[in-house]
Amino acid sequence: MSRLDGIIRLRKWELDEQRRQLAEIQAECDAIVTVIDAIEDERAQQAREYSGSEVSALTYGAYLEGTRMKQEMFTKLLREKEEALDEHRDKVAESFRELKTFEIAREREYQRIAQAEAKEEQDAFDELGIQNHAREEAMVDAKYLKMRR
């Protein structure tokens, strides 16, 4: 297990948490848009229902002013949420970059370890080869000396 595994696990958890928060903010934005659309639909429906009525002429102006104020309030809230959404997207992107940095560092560490192990193994095989070669030469020399006697 790499020493970076714990850090990576923590960064993944933080990234998941930030993504969850981002989804919540996006859901809030969607809900606000739904409310704004509902206000607009209600305003259109009221205009159809009370067109031509004398009573509605007196109250319809106040109603329109109320819905306009509501719509402005929700539009302002939507802008604030969208700004928060953009800021949070930046945080998520930064967290993702940090996570990737640690993952790349871990992969490089694994590669260094694998290369070191491969070199160590190759060195061991080279040593065995040298020893076998020395033994074979010693045997050849011994046979040669035996034959000369």
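This is a tutorial dialogue on how to read a predicted model of one protein chain.

Biologist: Where should I begin: how many helices and strands does the chain have?

Modeller: Start with the secondary structure, and bear in mind that the model is predicted. Here the chain comes to two helices and zero strands. Helix H1 covers residues 5-49, and helix H2 covers residues 54-148.

Biologist: Is the chain spread out or a compact globule?

Modeller: The radius of gyration helps with that. For this chain of 149 residues the value is 38 Å, well over the 15 Å that the globule rule gives, so the chain is more spread out than a compact globule. The spans along the principal axes add to the picture: the C-alpha trace covers about 140 × 25 × 15 Å.

Biologist: What span is expected for H1, and what does the model give?

Modeller: A helix can be checked by its end-to-end reach. H1 has 45 residues, and its first and last C-alpha atoms are 65 Å apart, close to the 66 Å expected at 1.5 Å a residue.

Biologist: What share of the residues is buried?

Modeller: A residue counts as buried when its relative accessible area is under 20%. In this chain, 18% of the 149 residues pass that test. Within H1, the buried residues include Ile 8, Leu 15, Leu 22, Ile 25, Cys 29, Ile 32, Ile 36 and Ile 39. Polar and charged names are on the list too, among them Asp 5, Gln 18, Arg 43 and Gln 46. As for the surface, the chain exposes about 11700 Å², and carbon and sulfur atoms supply 56% of it.

Biologist: Which residues touch the most other members of the largest nonpolar core?

Modeller: Look for buried nonpolar residues whose side chains meet. The largest core has 14 residues, and Ile 32, Ile 36, Phe 74, Leu 78 and Leu 85 touch the most other members. H1 and H2 are the elements that give two or more residues to this core, and H1 gives the most, with eight residues.

Biologist: What does Phe 74 touch, once its neighbours within four places in sequence are left aside?

Modeller: Phe 74 is in contact with Ile 32, Val 35, Ile 36 and Ile 39. Thr 67 makes a good companion example: this residue lies in helix H2, is buried at 6% relative accessibility, and touches Ile 39 and Arg 43 when residues up to four places away are not counted. Across the chain, of the contacts between residues at least 6 apart in sequence, 88% join residues at least 24 apart.

Biologist: How many salt bridges are there in the whole structure?

Modeller: A search finds 15. It helps to ask where each partner sits. Lys 12 and Glu 103 form one of them, at 3.9 Å from N to O. Lys 12 belongs to H1 and Glu 103 to H2, so this pair ties together parts that are 91 residues apart in sequence. Lys 12 is partly exposed at 38%, while Glu 103 is buried at 14%.

Biologist: How far apart in helix H1 are Arg 20 and Glu 17?

Modeller: They are three residues apart, about one helical turn. Their closest N and O atoms are 2.4 Å apart. Arg 20 is partly exposed at 39%, and Glu 17 is partly exposed at 25%.

Biologist: And which helix holds Lys 119 and Asp 123?

Modeller: Both lie in H2, four residues apart, about one turn of the helix. Salt bridges can also share partners, as in the network that joins Arg 11, Glu 14 and Glu 98.

Conventions: Residues are numbered from 1 along each chain as its sequence is written. This is a predicted model: local features need pLDDT of at least 70, side-chain atom pairs count only at pLDDT 80 or more; totals for chains, interfaces and linings use all residues. Side-chain values use heavy atoms; hydrogens and water are left out. A salt bridge is a side-chain nitrogen of Lys or Arg within 4 Å of a carboxyl oxygen of Asp or Glu. Buried means under 20% relative accessible area, exposed over 50%, partly exposed in between (1.4 Å probe, protein chains only). A nonpolar core is a set of buried Ala, Val, Leu, Ile, Met, Phe, Trp, Tyr and Cys residues joined through side-chain atoms within 4.5 Å. Contact means heavy atoms within 4.5 Å. The expected span of a helix is 1.5 Å times one less than its number of residues. The radius of gyration is taken over C-alpha atoms; the globule rule is 2.2 Å times the number of residues to the power 0.38. Accessible areas come from the Shrake-Rupley method with a 1.4 Å probe; for residues, only the protein chains shown count as cover.
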